Amino acid sequence: MKHHHHNRGLELSSASKSFVSKKWTFFLCIGFFCAGTLFSDRMWPEPEANVVSREASDERLHLVSEDCDSSKKSLKLESKDSLGEAYKSPDAIQTLDKTISTLEMELAAARAAQESIMNGSPVSDDFKLPETVTRRKYLMVVGVNTAFSSRKRRDSVRATWMPPGEDRKKLEEEKGIVMRFVIGHSATPGGILDRAIQAEESKHGDFLRLDHVEGYLELSAKTKSYFTTAYALWDADFYVKVDDDVHVNIATLGAELARYRMKPRVYIGCMKSGPVLAQKGVRYHEPEYWKFGEEGNKYFRHATGQLYAISRELASYISINQNVLHKYVNEDVSLGSWFLGLDVEHVDDRRLCCGTTDCEWKAQAGNMCVASFDWSCSGICRSADRMKDVHRRCGEGPNALLAASF
């Protein structure tokens, strides 16, 4: 019994100690808490405005968060829809490809132009046009290759398929079609030949003067200069070169080229692959025949020189790389060689090389030719005398251009 009371006393004693220690612990915690609160309030007081601001900020963040969530959902839906449409539409993919290619070419062209200016390269007077003109978008630029001795040919073209004066300007404004006779200068600038062209220009206003010395063996250089100059002056979808002894239906040409607007790099013409002529003294002799392999070999496919068209990106390519593009003696071969190794679509369109005999019945059958000439003369034989007759038989009619929509 005594032992039992002793144990109970020990239990009470330990319980009492435990109770005291718990109580003191509780009071000490409250004391420290109060002291800490008092200390922090004195040292770092927080204005009520901050509390309000924080609450408002939290609300704004909450709202923004909700907006972001909804935006993300809508963006996801839109992107899915857009991607779906893009995958469904080849035209959308081609448009994107063309846009990227155009931007790349524009950047390279701007760098080339800047480098040309920095190097002090000579610039033709035609480059000094108002910016509003150079920024305008056109369907096509048609450059009619001509020579000093071809005044009668030019007059025959003016009297048939090239609209004169105000009509030509109206064609530029309403249809986006620019037409110019293309010529450089003589070996003696300012001489009688240049003065004659200047007088003709004052009367008609339909020349594009190049910084180029005229000469038959310099046609490749002239072609390069033409595309470079035309690209700098006019922002067009296509750039066309045609000889002044060829008949052209401009509305039909515009409609034909408009079909390829979605293609980024297009080279259009009557494609051929003629023999490489190694023998000296013959017409179209190729001095660099050895580059094309064994004697008797043929050229690579290229458009015949009477008329061909290239898209904007290819004109830009020529402009950018004009200093390193090799010139063969035949200008049509040179142009074809510049596109070798590039991702270019070659379009063989036989409507660009009709004969002057078959163009009439094709027109009557509703299959209007784009260009007509005689293969035996590499143009219309005696074109200054016969252009009106070919135009009467094979022309598209006086109202075709007015009614055309590209």
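This tour moves through a predicted model, from a buried strand to a pocket and then to the disulfides.

Because the model is predicted, local features need pLDDT of at least 70 and side-chain atom pairs count only at pLDDT 80 or more, whereas totals for chains, interfaces and linings use all residues. Residues are numbered from 1 along each chain as its sequence is written, and side-chain values use heavy atoms, with hydrogens and water left out.

**Strand E4 and its partners**

Select residues 235-243 to begin, which form strand E4; helices (H or I, at least four residues) and strands (E, at least two) are DSSP runs, numbered from the N terminus. Nine of the nine residues of E4 are buried, so the strand is largely enclosed by the rest of the structure, where buried means under 20% relative accessible area, exposed over 50% and partly exposed in between (1.4 Å probe, protein chains only).

Add residues 137-145, strand E1, which pairs with E4 in the parallel sense over eight bridges; two strands count as paired if DSSP finds at least two bridges between them. Within this pairing, Val142 has Val240 in E4 as its bridge partner. Then add residues 302-311, strand E7, which runs antiparallel to E4 and is joined to it by five bridges. Here Tyr239 stands opposite Ile310 in E7.

**The second largest pocket**

Keep E4 and E7 displayed, and select Tyr216, Leu219, Arg283, Tyr284 and Ser378, which among the 38 lining residues of the second largest pocket lie nearest its centre. A pocket is found on a 1 Å grid over the protein atoms alone, as an open set of points where a 1.4 Å probe fits, with protein on both sides within 12 Å along at least five of seven lines, and its lining residues have an atom within 4 Å of a point. The space in this pocket comes to about 1,000 Å³, a volume being the space filled by probe spheres set on the points, which are joined across faces, edges and corners.

Two or more lining residues come from each of helix H8 (219-233), strand E4, strand E7 and helix H11 (331-338), and E7 gives the most, with four residues. By class the lining has 14 nonpolar, 13 polar and eleven charged residues, where Ala, Val, Leu, Ile, Met, Phe, Trp, Tyr, Cys and Pro count as nonpolar, Asp, Glu, Lys and Arg as charged, and the others, Gly among them, as polar.

**The disulfides**

Finally, select the cysteines: there are four disulfides, each a pair of cysteine sulfur atoms within 2.5 Å. With bonded cysteines counted along the chain, they follow the pattern 1-2, 3-5, 4-8, 6-7.

- Cys354 and Cys369 are joined with an S to S distance of 2.1 Å, and the link is left-handed, with -90 degrees about the S-S bond. Cys354 sits in the loop between strand E8 (345-348) and helix H12 (358-364), and Cys369 in the loop between H12 and strand E9 (371-372). Both Cys354 and Cys369 are buried.
- Cys359 and Cys394 have sulfur atoms 1.9 Å apart, and the torsion about their S-S bond is about 55 degrees, so this disulfide is right-handed. Cys359 lies in helix H12 and Cys394 in helix H13 (residues 383-394), so the pair ties together parts that are 35 residues apart in sequence. Cys359 and Cys394 are buried.
- Cys377 and Cys381 also form a disulfide, with sulfur atoms 1.9 Å apart, and the link is right-handed at 95 degrees about the S-S bond. Cys377 is partly exposed at 33% relative accessibility, whereas Cys381 is buried, with a relative accessible area of 16%.
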